[in-house]
Every structure is written in C-alpha cells, then in structure tokens.
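I opened this notebook to record, entry by entry, what I looked up in the model. The entries follow the order in which I went through it.

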Amino acid sequence: MAELGIGLRVSTPLPLQRRETREAGPLSAGKPRAIVPGVFLVGGPEMTDPADCLVYAVDGGSEIALIDCGAGKSVAGILGNLKRAGLDPARLKTVILTHCHVDHIGGLPGILKLCSPRLVCHRGDADAIETADDSRTAASWYGLRLPPIRVDLVLEGEDEILRVGEVDLRCVHTPGHTPGSISLVLETAGGRVLFGQDIHGPFLREFGSDLEQWAGSMRRLLALEPDVLCEGHFGVFRPWEEVRRFIMGHLRQHGFA
Ligand SMILES: [Zn+2]
Ligand SMILES: [Zn+2]
C-alpha cells in the first residue's frame, strides 16, 4: 500500500507533480517519520513546504545523508525534522542530489549557509546544477531562482557505492526523467530500500528526458526487487509487490509493458 498520501492541496501549479497522486491520508504537518530503522522522511509538500519533493534522511551512524533537500524555503524545517528524529544536523555530511530539478536541490543554498556537507550528483546532471540552468533545473516553472552550485563528488559510473558513516549507499544511474537521474539502494534491517525520486517522470524535452532510457532504468530497478520504494512525490510503497505494481503501472502507461 502507498502509506503516505501526498495530496496536492497547494495553490501554485507544480507541473512536476502529478494529479493522480494517491490520497491515503494526510501526513501530520511537520512531523518526521521513520520508514525503516535508520531511514526517515524529513520533508515534503505536506510536511515542510508545498513545493518540496519528499526528502529522506539516512542515518549512517557517525554521519547522516540527506537524499534531496526540497525547493528552498524549508531548510529550517528539514533540519528541525532531523533533530526531531534524533539526528543531530551537525552529523549531516552528505547531500545526495538524485537529479537537478529545483524541487530537489533548491534547499542547497540555505543548507550551505548552515553546514558544509559534500554534495553528490551524477555527471549527467552536474552541469545543470553547476550552471544553474534555468530550464533543465525547472526553476522557472516554480518561479524560483537558483545560484550556480559546485558539486563536490560527481558520480561517473553506472553503479557505485557511496559510504555514509558506517553504511553503504548503492548509487544506480537511472537516466530517463533527466540524463543524470540516480536511484539509491540501502540494505537495512527493515529490508532493501530503494530511493527512486521522480522515477514516475514527467518526461520533457527541456529536461533532456529519454523514455527508452527510462524504461531500461525501470527494468534495472525491478531486477533489484526492493522491499520498500521511497518515491519523490508519490510516497512510500511496500512490500515488493506494491513497488512492482507502481513501477509496472508507469511502464504500462508509456507503452513498455
Ligand atoms: Zn524531477
Ligand atoms: Zn520532483
């Protein structure tokens, strides 16, 4: 079942989010939520700011990683939620950018004023972030402005391990929505967790989207048989059969299944 209803009760148009979002009950405003041991939801449209993607935190013991960081207005809320989840923001050493869209990276300038995590993204989207490309980052859609931001670690490969404290995050290149989209896999006591931000699309020429590549990426993710899917706008899916249903549904929608 989709556990988190990420309704679109917002006043501004958010073209990267879909209208068919599931409505499985609203999140408690502001409150962080444990997904599995060591993984927390700390930001999102109904939690921190309507423009935010869902923001996840991974507790690696001596270090914390954020997976994306929202659109920008909610940095204090996201860091506050880390604290509320028992994660000291002083341990925030890594922000992984799953792709270059502003609803996922807009929090960077605010975070960098308060702490200095390394920023990680894939080569395919690094340029858009480092040049603050207005159309590839979708900043203009959101009426937001992004400064150019230097990425510290640019992933070049198709499948790489990123160490966060005492845990390994597997970074899988999953192009399609954007050329440099990545998905992350974490083995936890609560099962294999897949962070697949925006694997649902949308697919637009100005994003550099490629549906054929995307279908290949989705097959790659299906082969991993994750127990939990943490998606960027649709919420959290489990068990594996629900993850499969979600991805297969999107593949069907685009004529690939
Ligand atoms: Zn996106
Ligand atoms: Zn998004």
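Which residue follows α4, and what is the sign of its phi? I looked there and found alanine 132, with a positive phi near 50°.

**Entry 1, ground rules.** I am working with a predicted model, in which local features need pLDDT of at least 70, side-chain atom pairs count only at pLDDT 80 or more, and totals for chains, interfaces and linings use all residues. Residues are numbered from 1 along each chain as its sequence is written, while chains are lettered from A and ligands numbered from 1 in the order in which they are written. Helices (H or I, at least four residues) and strands (E, at least two) are DSSP runs, numbered from the N terminus.

**Entry 2, confidence.** I noted that pLDDT, the predictor's confidence in each residue from 0 to 100, averages 90 over the protein chain, with 89% of the residues scoring at least 70. Over residues 1-28 pLDDT stays under 50, and for this stretch the model has 56 contacts beyond four places in sequence, a contact being two residues whose C-beta atoms, placed from the backbone, lie within 7 Å. Where pLDDT is low, the predicted coordinates should not be read in detail.

**Entry 3, the whole chain.** I recorded six helices and 13 strands. Of the 257 residues, 50% count as buried; a residue is buried if 20 or more other C-beta atoms lie within 10 Å of its own, exposed if 12 or fewer, and partly exposed in between, with C-beta atoms placed from the backbone. Among contacts between residues at least 6 apart in sequence, 63% join residues at least 24 apart.

**Entry 4, the sheet.** I traced an open sheet of seven strands in the order β1-β2-β3-β4-β5-β6-β7, with mixed pairing; two strands pair if DSSP finds at least two bridges between them. Its edge strands are β1 (33-36) and β7, each of which pairs on one side only. The twist from one strand to the next averages 25°, where axes are lines fitted to C-alpha atoms, for helices over the stretch in contact, and angles run from 0 to 180 degrees between N-to-C directions. Strands β3 (residues 55-59) and β4 (residues 64-67) are antiparallel and share four bridges, with aspartate 59 standing opposite isoleucine 64 in β4. Helix α1 (residues 75-84) packs on the sheet, where it touches β2 (39-43), β3, β4 and β5 (92-96), and its direction makes about 150° with that of β2. Helix α4 also packs on the sheet, touching β6 and β7, at about 125° to the direction of β6.

**Entry 5, helix α4.** Which residues of α4 are buried? In this helix (residues 123-130) I listed Gly124, Asp125, Ala126, Ala128 and Ile129, and these pack against α2 (102-105), β6 (118-122) and β7 (153-155).

**Entry 6, helix α5.** I checked that α5 (residues 211-223), with 13 residues, reaches 18 Å from its first C-alpha to its last, close to the 18 Å expected at 1.5 Å a residue, that expectation being 1.5 Å times one less than the number of residues. Its buried residues are Trp214, Ser217, Met218 and Leu221. Seen down the axis of α5, they fall within an arc of 100°, so they line one face of the helix; the arc is that of the directions from the helix axis to the C-beta atoms. Their cover includes β10 (182-188), β11 (191-196) and α6 (240-253), whereas Glu212 and Ala223, on the other side of α5, are exposed. Just after α5, glutamate 225 takes a positive phi of about 45°.

**Entry 7, histidine 254.** Is histidine 254, in the segment after α6, buried, exposed or partly exposed? I found histidine 254 partly exposed, because 15 other C-beta atoms lie within 10 Å. Its C-alpha atom is separated by 8.1 Å from that of leucine 211, 43 residues apart along the chain.
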